[in-house]
Amino acid sequence: MNKYGYRFSFGPWNIHEGADPFGPPVRASVTFEDKLSVYRELGFDAVQFHDDDAVPELDDLSPAEIRQEARAMRRKLEENGLVAEFVAPRLWEKPITIDGGFTANDPAVRAYAIDRTKKAVDIGRELDTHLMVWWLAREGTYMREAKDAVKATHHLIEALNAVLEYDPEVRIAIEPKPNEPMDLAYIPTMGHGLALGMQSKDPARVGVLMESAHAVLAGLDPADEISFALAFGKLWSVHLNDQNGLKFDQDRSFGSVDLRRAFNQVRVLDENRFWEIGMIGLDVKAIRTQLADVSTKHLRNSLDTFLRLVEVSRAIDRQTVEELIAARDYEELDWLILQSLMGA
Ligand code: XUL
Ligand code: MN
């Protein structure tokens, strides 16, 4: 933990081999153990897990075997002074979920998705976290006519209810994203995630995770998406990163594309004491050209940028800001912020 009380996390997928849809891996795989030492070296506190990051091949294991492997993972975390932030069911890789999990047209696939998610809940229990993240990767369509969007929405609520009922302590944070891998995703924004949670049988246990790149892909401002969720006490985690316009999901280092956009995310998190609410997750990826031995700098850069922006935000004189707002002199306010960002 740092002097501001923020805790930082990332997932094992954030140290990766650099493969993209047009080319193979360009860096050797890093073992999970080696990744754990990177967490410590760079000042991170927690690991974000997909269910199979914690327990590989869990579909082939019995519930008792799953619990046993999850306990072994927890010991590994403890040995490294780390904790688990959340577990996320990975529902997008198996061939049977090619057309979605919770919203698949085939009832057997929907049942598989709920069953797999319950296994992820079991893993979370063993890893001592009740927070679960749902990135609804394939819950949408490539072809609008291929699914009934009204029914699909009800299927999502049924899935939420089944999992909330399965474990009275689990809390589900929905991570909205408007597209990729699907063309049209059903839960594209914070508003959609929050509305869905409100329709569940226990709205108090459904919140959201805001990812900066996803908000930008939806044409929205990440700081306002954060604020909207914070206003309802529903922002339970973040995936801060950056995104250069409406392209593929880039997961660029936080602040590396638009520093002012990053500043505003930090400002609103800090003004709302987010360090008391959740962790700062950094869902960032090294660009493909980065050599293997220097391929964790995106994590260092993102964490340091966050902390530097906390300093910038706190150093801005509140009184001056209030006077400028009262005078409606927003051009001078603009200049104050730009000067602060330029280190003036
Ligand atoms: C996908 C994405 C995922 C989730 C974790 O775009 O952001 O990494 O954050 O499942
Ligand atoms: Mn993410």
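## Getting to know this predicted model

Reader: Hello! Let me start with strand 6 (residues 171-175): how many of its five residues are buried?

Author: Welcome! This is a predicted model, and strand 6 is a friendly place to begin. Strand 6 spans residues 171-175 and is mostly covered. Of its five residues, the number buried is four.

Reader: In which sense do strand 4 (residues 131-135) and strand 6 pair?

Author: Strand 4 is mostly covered, with four of its five residues buried. Two of its residues show how the strands line up: L131 has R171 in strand 6 as its bridge partner, and W135 stands opposite E175. Over five bridges, the sense of the pairing is parallel.

Reader: And in strand 8, which residue is the bridge partner of A173?

Author: Strand 6 also pairs with strand 8 (residues 206-211), in the parallel sense and over three bridges. Within strand 8, the bridge partner of A173 is G207.

Reader: Let's go inside. Which helix gives the most to the largest nonpolar core?

Author: The largest nonpolar core has 82 residues, and those that touch the most other members are F49, L235, I280 and F306. Seven residues of this core come from a single helix, residues 149-166. The helix that gives the most is helix 5.

Reader: Which residues does L235 touch, not counting residues up to four places away in sequence?

Author: L235 is one of the residues that touch the most other members of the largest core. With residues up to four places away in sequence left out, L235 touches V208, M210, I226, A229, L230, L269, F274 and I277.

Reader: How many residues are in the other core, the one with F86 and W236?

Author: This core lies apart from the largest one. Among its members are F86, L131, V133 and W236. The number of residues in it is seven.

Reader: Now the outside. Is W335 buried or partly exposed?

Author: W335 sits in helix 12 (residues 330-341). Together with L338 and M342, W335 makes a nonpolar surface patch of about 320 Å². Its relative accessibility is 43%, and because buried means under 20% and exposed over 50%, W335 counts as partly exposed.

Reader: With which residues is R74 in contact, leaving aside its neighbours within four places in sequence?

Author: R74 is found in helix 3 (residues 63-79) and is partly exposed, at 28% relative accessibility. From R74 to F248 there are 174 residues in sequence and 34 Å in space, C-alpha to C-alpha. Leaving aside neighbours within four places in sequence, the contacts of R74 are R125, E126, L127 and D128.

Reader: How many salt bridges does the count come to?

Author: Side chains of opposite charge can pair when their charged atoms come close. Here a pair counts if a side-chain nitrogen of Lys or Arg is within 4 Å of a carboxyl oxygen of Asp or Glu. By this rule, the number of salt bridges is 26.

Reader: How many residues apart are R71 and E126?

Author: The side chains of R71 and E126 meet in a salt bridge, at 3.4 Å from N to O. This pair links distant parts of the chain, with R71 in helix 3 and E126 in helix 4 (residues 107-126). R71 is partly exposed at 38%, whereas E126 is buried at 16%. In sequence, R71 and E126 are apart by 55 residues.

Reader: What is the N to O distance in the salt bridge of D249 and K177?

Author: D249 lies in the loop between strand 9 (235-240) and helix 9 (259-271), and K177 in the loop between strand 6 and strand 7 (184-185), 72 residues apart. Both partners are covered: D249 is buried at 15% relative accessibility, and K177 is buried at 7%. From N to O, their side chains meet at 2.9 Å.

Reader: Is R261, the partner of D242, buried or exposed?

Author: D242 forms a salt bridge with R261, with the closest N and O atoms 2.6 Å apart. D242 lies in the loop between strand 9 and helix 9 and R261 in helix 9, so the pair ties together parts 19 residues apart in sequence. D242 is buried, at 3% relative accessibility. With a relative accessible area of 16%, R261 is buried.

Reader: Which residues do salt bridges that share partners join into one network?

Author: These salt bridges share partners, and that joins their residues into one network. Its members are D51, D52, D53, D59, R90, E93, K94 and R116.

Key:
Residues are numbered from 1 along each chain as its sequence is written. Chains are lettered from A and ligands numbered from 1 in the order in which they are written. This is a predicted model: local features need pLDDT of at least 70, side-chain atom pairs count only at pLDDT 80 or more; totals for chains, interfaces and linings use all residues. Side-chain values use heavy atoms; hydrogens and water are left out. A nonpolar core is a set of buried Ala, Val, Leu, Ile, Met, Phe, Trp, Tyr and Cys residues joined through side-chain atoms within 4.5 Å. Buried means under 20% relative accessible area, exposed over 50%, partly exposed in between (1.4 Å probe, protein chains only). Contact means heavy atoms within 4.5 Å. Patches are made of residues with over 30% relative accessible area and no salt bridge: like charges are joined within 9 Å, nonpolar side chains (Val, Leu, Ile, Met, Phe, Trp, Tyr) within 5 Å. Accessible areas come from the Shrake-Rupley method with a 1.4 Å probe; for residues, only the protein chains shown count as cover. Two strands pair if DSSP finds at least two bridges between them.
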